[in-house]
Amino acid sequence: MKKFLLSAALLFVFPALAHAVGMAHEFAVDIGPFAAAEASFSYNLQSNSYAVSSHAETANLFDALYPFRADYHAAGIIKKSGLVSTSYSYKSRSRFNTRTKQIVYSPDGTPLYRLSGKNGKQKKVDIADNPNYGGTTDLQTVFAELADIYLKTGSCRAKMQVFDGKRRFDVIFEDLGSDTLSSIENSPYFGAAHKCSMYIDKLNEDGDDMLWQLTSEKPIYFWLMTQNKLPFIARISIAETPLGELTAYTRRITPKD
């Protein structure tokens with residue numbers, strides 16, 4: 001179940017305003033009949049660099065049954081060719097385990113090594129010569145780049161390659177056109193929206209990371225709306241989890257000067 005919460009958190013890293021100085025998000029997640037989790041996201045974008053951070057945690061009864069916290073941080077440089085990762089870190093805590101991961105890059109964005117930890121024990125793995133990292137980025141940066149594509153083209157259609165320090169996989173976005181969001185309690189964002197889907201192609205690999213819980217047969221759907229002519233995610237849906245449909249919705253977005 002914790003991995004389904006992580007799956008929802010994948011889209012919490014999408015920045016609402018790709019060309020603003022900064023933005024903070026607040027999200028809520030319902031799974032079946034449960035108000036299951038909360039999340040927050042913030043980012044800062046400069047002329048030649050960027051940084052993004054997000055946090056997800058279980059709430060209410062779900063927190064007693066499946067206690068979980070996770071924090072993600074990424075930063076990088078902005079080139080004409082796109083956004084280039086230069087740092088990535090992750091930390092999660094469940095009832096019995098604490099896990100960490102850090103990817104250390106060279107200044108130009110080449111991954112050098114991965115530091116993975118579980119319950120205080122850490123392992124270092126050199127990845128500079130790993131053939132899978134070429135042309136890839138980290139997952140948080142993917143969504144920053146998608147926002148930039150949507151602003152420029154009005155479409156969320158895109159395909160990007162991600163390297164998690166061990167495996168490479170494709171993230172595929174499809175544009176599903178105009179749609180209308182019904183009103184939902186505790187969210188002020190409904191009405192005309194743009195519907196998109198996200199698929200993860202795990203390239204015939206298996207693993208214990210959150211990303212491997214999703215396949216091209218079970219897409220994540222999300223709806224974009226605009227504020228001041230700039231996009232943000234208003235709602236996210238995963239049709240099937242062990243406890244029913246997962247719905248994540250934006251409660252508040254706050255521009256940061």
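A residue counts as buried when its relative accessible area is under 20%, as exposed when the value is over 50%, and as partly exposed in between. Keep that scale in mind as we walk through this structure, which is a predicted model.

Let us begin with the overall picture. The protein chain has 257 residues, and 49% of them are buried. Its secondary structure consists of three helices and 14 strands. If you take the contacts between residues at least 6 apart in sequence, 53% of them join residues at least 24 apart. The accessible surface amounts to about 12300 Å², and carbon and sulfur atoms account for 48% of that area.

A good place to put the scale to work is Tyr 133, which you will find in the loop between strand 8 (121-126) and helix 3. Is Tyr 133 exposed, partly exposed or buried? Its relative accessible area is 22%, and because values from 20% to 50% fall in the middle class, Tyr 133 is partly exposed. Looking beyond its neighbours within four places in sequence, Tyr 133 touches Thr 110, Pro 111, Ile 127, Ala 128 and Phe 163. One of these partners, Pro 111, sits 22 residues away along the chain, yet the C-alpha atoms of Tyr 133 and Pro 111 are separated by 7.4 Å.

Pro 111 also brings us to strand 7 (residues 111-118), which runs antiparallel to strand 6 and is joined to it by seven bridges. Strand 6 and strand 7 make a hairpin with five residues between them, and in its turn Gly 109 has a positive phi of about 95°. Across this pairing, Ile 103 faces Arg 114 of strand 7.

Now follow the chain backwards. Strand 6 (residues 98-105) also pairs with strand 5, again in the antiparallel sense and over seven bridges. Three residues lie between strand 5 and strand 6 in the hairpin they form. Here Tyr 88 has Ile 103 as its bridge partner in strand 6, while Ser 87 stands opposite Val 104 of that strand. Ile 103 therefore turns up in two pairings, with Tyr 88 on one side of the story and with Arg 114 on the other, under the rule that strands pair if DSSP finds at least two bridges between them.

One step further back, strand 4 (residues 68-79) and strand 5 (residues 82-94) pair antiparallel over 12 bridges. Two residues connect them in a hairpin, and Ile 78 has Leu 83 in strand 5 as its bridge partner.

Tyr 88 deserves a second look. Which residues touch the most other members of the largest nonpolar core? They are Tyr 88 and Met 225, in a core of 29 residues. At least two residues of this core come from each of strand 1 (22-31), strand 2 (34-45), strand 3 (49-58), strand 4, strand 5, strand 6, strand 12 (220-227) and strand 13 (230-238). There is also a second, separate core of 28 residues, whose members include Val 29, Cys 196, Ile 233 and Ala 248.

Cys 196 leads on to the disulfide. The chain has one such link, and it joins Cys 156 to Cys 196 with an S to S distance of 2.0 Å. The angle about the S-S bond is -110°, making the link left-handed. The two cysteines belong to distant parts of the chain, 40 residues apart: Cys 156 is in the loop between helix 3 (139-153) and strand 9 (158-163), and Cys 196 is in strand 11 (residues 191-201). Both Cys 156 and Cys 196 are buried.

We can finish with a polar side chain in strand 3, that of Thr 58. Where does Thr 58 fall on the scale, buried or exposed? With a relative accessible area of 2%, Thr 58 is buried, since the cut-off for that class is under 20%. Its side chain has polar company: there is a polar contact of 2.7 Å with the side chain of Asp 63. In addition, a polar atom of the Thr 58 side chain lies 3.2 Å from the backbone oxygen of Tyr 66.

Note on methods: Residues numbered from 1 in each chain as written. Predicted model: local features only at pLDDT ≥ 70, side-chain atom pairs only at ≥ 80, totals over all residues. Heavy atoms only, no water. Helix = DSSP H or I, 4+ residues; strand = E, 2+ residues; numbered from the N terminus. Buried < 20%, exposed > 50% of the residue type's maximum accessible area, 1.4 Å probe, protein only. Contact = heavy atoms within 4.5 Å. Areas by Shrake-Rupley, 256 points an atom, 1.4 Å probe, with all protein chains shown as cover. Disulfide = S-S within 2.5 Å. Core = buried A, V, L, I, M, F, W, Y, C linked by side-chain atoms within 4.5 Å. Polar contact = N/O pair within 3.5 Å; in protein donor to acceptor, adjacent residues only side chain to side chain.
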